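Please take a moment with the sequence and the 3D structure shown here, and keep both in view while reading the paragraphs that follow.

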Amino acid sequence: MFYMYDYVLSLAPAGTEALVKRFLDEVMPKVIAYIIFIWAIVGFYYLFKYIFLVLSAIWTRVLRPSKNLVRSYGAWAIVTGSTDGIGEAMAMELARKGMNIVLISRSVEKLEATAAKIKAKYPKVSTKTIDVDFSKFDAKARAKVEEEIKEFDIGVLVNNVGISYPFPKYFHELDQDRVDQLITVNCTSTSVMTRLVLPALVKKKKGAVVNISSFAGIAVSPLLSGYSGAKAYIEHFTRAMNVEYFDYGVHFQVQTPLFVTTKLAKIQRPSLLVPTPARYARSAVAAIGYEAVISPYWGHALQLFIYSFIPEWFMGAWAIKLSHYGIRTAGMKKEARLAAAAKTS
Ligand SMILES: NC(=O)c1ccc[n+]([C@@H]2O[C@H](COP(=O)([O-])OP(=O)(O)OC[C@H]3O[C@@H](n4cnc5c(N)ncnc54)[C@H](OP(=O)(O)O)[C@@H]3O)[C@@H](O)[C@H]2O)c1
């Protein structure tokens, strides 16, 4: 510091030494004090911000009691895509909370198996199954759902059904059916199911709609662009609907899971960061009726927090070069092998 002081003084043009010395002695200490003061304020702001974030994350994901869903919203919950993975686990968890469940999926046998599982574990819970293929959710199928749910006091709708790619691909490599289904199964199902239940929720001025998005809906996911875009629709739609229906007492929530051990994720072994569907569903159902946007499982929230510090260009480059491209290459080889085998048989 003294060395710097003498050095700056030695640079002063002849005749200005006294002025520079006065500046260094009187003005500089004040400037340095102000800078330290501003740094301290900024430092404290971030310290308190992150302490608050950690405490509120612990509160919302570990300590906060879940709502009484039957009393708050109604006796029945509808879960789409409820015969496997997250949807089936959410149906079980909602049944554990005492809700009756409308199960909607495409396979009658799997629907009956899920309904039987619920009945075996929670004998007091009633179930209703509706078989619908959301990739063909035409006027007839919509009318069928409307007719079959009209007698129930619907309180919660979980728009869970969703499909991704069989494996990462360039968009032009997808067949046209898959391109259509990414929109119909992920987006149209969510919009139409919401439209079907809303009049009753608006009338009784209560209800909760939970839409399942994905990390791909908030982060750039190259080689999964169609899925990423479809999930971004779910994110934005839900956030707007939550504000739009606030005065009607209908709560909208978008949940953003990361990996869960399901058929869609093609991951079998759970870990702290990759929960089983049942573990995810515990956190997911406990969060219903609170925030408009949440990643309810703590391990996912932690990953999202860390990713928020990584620039989008880096995440995108990492995803395409180091992760998705390799999976695509292996997938393309397998697809070619299967096509060749099908030709020869
Ligand atoms: N698993 C993850 O790591 C992960 C991560 C982020 C977001 N998500 C989202 O979470 C949601 C559930 O994913 P998941 O991993 O649980 O999927 P999953 O294990 O593949 O289960 C999907 C469910 O949807 C049903 N379904 C699929 N296509 C359908 C159609 N056309 N019509 C009617 N039902 C249909 C399936 O029925 P079948 O049994 O008959 O196929 C099954 O019950 C999706 O929206 C997904 O995007 C999942």
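**A buried helix and a ligand**

In this predicted model, a good place to begin is helix H4, in which Gly85, Ile86, Gly87, Glu88, Ala89, Met90, Ala91, Met92, Glu93, Leu94 and Ala95 are buried, where buried means under 20% relative accessible area. Put as a count, eleven of the twelve residues of H4 are buried, and the helix is therefore described as mostly covered. H4 runs over residues 85-96 and reaches 17 Å from its first C-alpha to its last, which is close to the 16 Å expected at 1.5 Å a residue. Following H4 along the chain, the reader comes to glycine 98, whose phi is positive, near 95°.

The next thing to look for is the ligand, which is surrounded by 31 residues, the closest being Thr83, Arg106, Lys110, Tyr227 and Thr262. The residues of this shell divide into 14 nonpolar, eleven polar and six charged.

Some contacts with the ligand come from the protein backbone. A polar backbone atom of glycine 81 is 3.3 Å from an oxygen atom of the ligand, and a backbone N or O atom of aspartate 84 lies 3.2 Å from an oxygen atom of the ligand. At phenylalanine 134, a backbone N or O atom lies 2.8 Å from a nitrogen atom of the ligand. Of the 890 Å² of accessible area that the ligand has on its own, the protein covers 95%. Which elements give two or more residues to the shell around the ligand? They are H4, where this walk began, and helix H8, which spans residues 225-244.

Technical notes: Residues numbered from 1 in each chain as written. Predicted model: local features only at pLDDT ≥ 70, side-chain atom pairs only at ≥ 80, totals over all residues. Heavy atoms only, no water. Helix = DSSP H or I, 4+ residues; strand = E, 2+ residues; numbered from the N terminus. Expected span 1.5 Å × (residues − 1). Buried < 20%, exposed > 50% of the residue type's maximum accessible area, 1.4 Å probe, protein only. Near = heavy atom within 4 Å. Polar contact = N/O pair within 3.5 Å; in protein donor to acceptor, adjacent residues only side chain to side chain. Areas by Shrake-Rupley, 256 points an atom, 1.4 Å probe, with all protein chains shown as cover. Nonpolar A, V, L, I, M, F, W, Y, C, P; charged D, E, K, R; others polar.
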